[in-house]
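User: Hey, could you walk me through this one? I'd like to start with the strands and then jump around a bit.
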Amino acid sequence: MTMRVVGEIVGRFLPRSVGARTALAAAVAASFILAGTGWWASRQLYDQRIKATISLAEDQADTLTNQLYQGAAPSGFGKLPYEIVVSGRPASAGCSGDLAALGSDVRHVLPAPVAGRWDVWSLRTVHFPGSAAGGQGPLEGHTFQALTADVQAHDLGHAKAAAIGIRDNALLRIYVVITPFDAEAAVASATRILLLVGSAGVVFVAAVAYAAAKHALRPVEAIRARTASVTASDPRERVEVPPTQDEIAALAVTINATLDRLGQAAAQQRRFIADAAHELRSPLTTLLASLEVALTYPDQTDWPSAVGTAARQTRRLRSLTEDLLLLARLDARVPAGPDTIVDLRELATTLAGQVLPAERHLAIECDARETALVRGRPDELERLLRNLLDNAVHHAFDRVLLSVRAEDEGVVVAVGDDGPGIPSAAREHIFEPFARLEDDRSRVSGGTGLGLAIARDIAHAHHGTLTVADRTCGTCFLVRLPYAGEATSGDHV
């Protein structure tokens, strides 16, 4: 099962509200923290109580030893279970009531020591058998730790040993059982309190997290409600930026910036549609007027001239339509074909020789001395250079210069003319579709007004730039494209 499937399954059971999910996450985190803290506290409490029980067992064993040295056999003494067994004797010399129930009058419960092998103090593991009566007490059938103290009968003296009822060479072993009952009871009591307090704490943390999330998301809900009223035709609505200077404020600023861009794009699209309609209407009007005159006065019409006018306007319509389609394809980032290695030096030299200025003497110079390889689509790169050359030829007075050079950053193509130049304020405006300068609108250029827009989109599609250089006389367009390096065999165009 993939992580995506697991995520989908988990997502079905999670609440849809961000506040509820935040509260759930906080509750789960608090539960883990409280559970870990409670476990650690319980272990600490258990260990402390066990240490206290061991200390109590030491005191009880010491008291039992002192009583033996006084010649008395203890019976029913102490808080912890104990038994005093004697080597070579089946009956115990004394025990607590809970161990008496496990043994009998003639048989001890815990193992007797072996004569000659004794320890003053020792910690041993002991196992208690089941009760002869078949009951089940707290000791029966369980294993515990026991503190043992060995006493030799001859150290007591003959009289005291006889008073206890043991031989002079016997070895007595005192067992004090270290039971965990007190520690377990303390842990159980503490656990009940921790569960109660922890449950209340988890609920409180979840409630606080839910309230905090809902409060933090109020600006987001306001942003959502405001942006819901934004439409493509009227993106003027703006969201209110909260004064918190946090991520939500940054989101509001970003949304407003996005809405600004959408508004600019919508306005640009409306201008584009209006300009396209105007550019299409002009040749259509001329074509329709010419045909209507010819149809109204067929005998007086110069048919070759009328057909020539219709053909000229039809070609203009076709050129405009093709440019619009190309601009739409470039804007959609749809490549026309595979990329290859293109030598801009060869392409520039070829295009410079093909451009024929009409009805005036114009010098077109090409300075392309070194190989300039770029990766791209040859047809689009040719269209880029041809559009810039046509623009330069249209505006130049006497001279057009096309240069190609390779730099460290890439290939730079410069197309300059000695024409009237472009004002600084209009250097970005001219790259908009159908953009023309005021003094250019009186010219009959035959262009579509899309050449520079197409040229810049082609440059951007090839990861390059197209800008207007700063110069005091004329105009110079600079195309910068990334350098492709040396071409491989069969890859050069």
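User: How many bridges pair strand E10 with strand E12, and in which sense?
Analyst: Seven bridges, in the antiparallel sense. Strand E10 covers residues 411–417 and strand E12 covers residues 475–481. Keep in mind that this is a predicted model.

User: Which residue is the bridge partner of Val413 in E12?
Analyst: That's Val479.

User: Cool. What holds strands together in general?
Analyst: Strands of a sheet pair through backbone hydrogen bonds, and the pairing can be parallel or antiparallel.

User: And what's the strand order in the sheet with E10 and E12?
Analyst: The order is E7-E9-E10-E12-E11, an open sheet of five strands with mixed pairing. E7 (363–368) and E11 (465–468) are the edge strands, each pairing on one side only. From one strand to the next, the twist averages 10°.

User: Where does the parallel part come in?
Analyst: Look at E7 and E9 (residues 399–406): they run parallel and are joined by six bridges. There, Ile364 has Val400 in E9 as its bridge partner.

User: Then how do E9 and E10 run, parallel or antiparallel?
Analyst: Antiparallel, with seven bridges joining E9 to E10. One of the pairs is Arg405 with Val412 in E10. E9 and E10 also form a hairpin, with four residues between them.

User: What about the sheet that contains E1? What order do its strands come in?
Analyst: That open sheet has five strands in the order E2-E1-E5-E4-E3, and its pairing is antiparallel. The edges are E2 (94–95) and E3 (121–127), and each of those pairs on one side only.

User: How many bridges do E1 and E2 pair over?
Analyst: Two, in the antiparallel sense, with E1 spanning residues 82–86. Glu83 stands opposite Cys95 in E2.

User: OK, switching to helices. At what angle do H2 and H6 cross?
Analyst: Roughly 160°, and their axes come within 8 Å. H2 is residues 18–69 and H6 is residues 181–216.

User: Why call them roughly antiparallel?
Analyst: The crossing angle is roughly 160°, and angles over 145 degrees count as roughly antiparallel, so H2 and H6 fit that label.

User: Is that crossing left-handed or right-handed?
Analyst: H2 passes H6 in a right-handed crossing. The residues in that contact divide into 20 nonpolar, seven polar and three charged.

User: And how do H9 and H12 cross?
Analyst: Their axes cross at roughly 30° and come within 10 Å. That makes H9 roughly parallel to H12, since angles under 35 degrees count that way. The crossing of H9 and H12 is left-handed.

User: New topic: pockets. How do you even find empty space?
Analyst: You roll a probe the size of a water molecule over the atoms, and that shows where empty space is left.

User: So how much space lies in the second largest pocket?
Analyst: About 550 Å³.

User: Which residues lie nearest the centre of that second largest pocket?
Analyst: Gln268, Leu327, Asp331, Pro433 and Asp457, out of the 18 residues that line the pocket.

User: Which helices supply at least two residues of that lining?
Analyst: H8 (247–296), H9 (303–331) and H12 (451–461) each do. H8 gives the most to the lining of the second largest pocket, with five residues. And remember, H9 and H12 are the roughly parallel pair we just talked about.

User: Last one: how many residues of the lining are charged?
Analyst: Six are charged, alongside nine nonpolar and three polar residues in the lining of the second largest pocket.

Methods. Residues are numbered from 1 along each chain as its sequence is written. This is a predicted model: local features need pLDDT of at least 70, side-chain atom pairs count only at pLDDT 80 or more; totals for chains, interfaces and linings use all residues. Side-chain values use heavy atoms; hydrogens and water are left out. Axes are lines fitted to C-alpha atoms, for helices over the stretch in contact, and angles run from 0 to 180 degrees between N-to-C directions. Angles under 35 degrees count as roughly parallel, over 145 as roughly antiparallel, 65 to 115 as roughly perpendicular and the rest as oblique. A crossing is left-handed if the near helix is turned anticlockwise from the far one by less than a right angle, and right-handed if clockwise. Ala, Val, Leu, Ile, Met, Phe, Trp, Tyr, Cys and Pro count as nonpolar, Asp, Glu, Lys and Arg as charged, and the others, Gly among them, as polar. On a 1 Å grid over the protein atoms alone, a cavity is a set of points where a 1.4 Å probe fits but cannot get out, and a pocket is an open set with protein on both sides within 12 Å along at least five of seven lines; lining residues have an atom within 4 Å of a point. Grid points are joined across faces, edges and corners, and a volume is the space filled by probe spheres set on the points. Two strands pair if DSSP finds at least two bridges between them.
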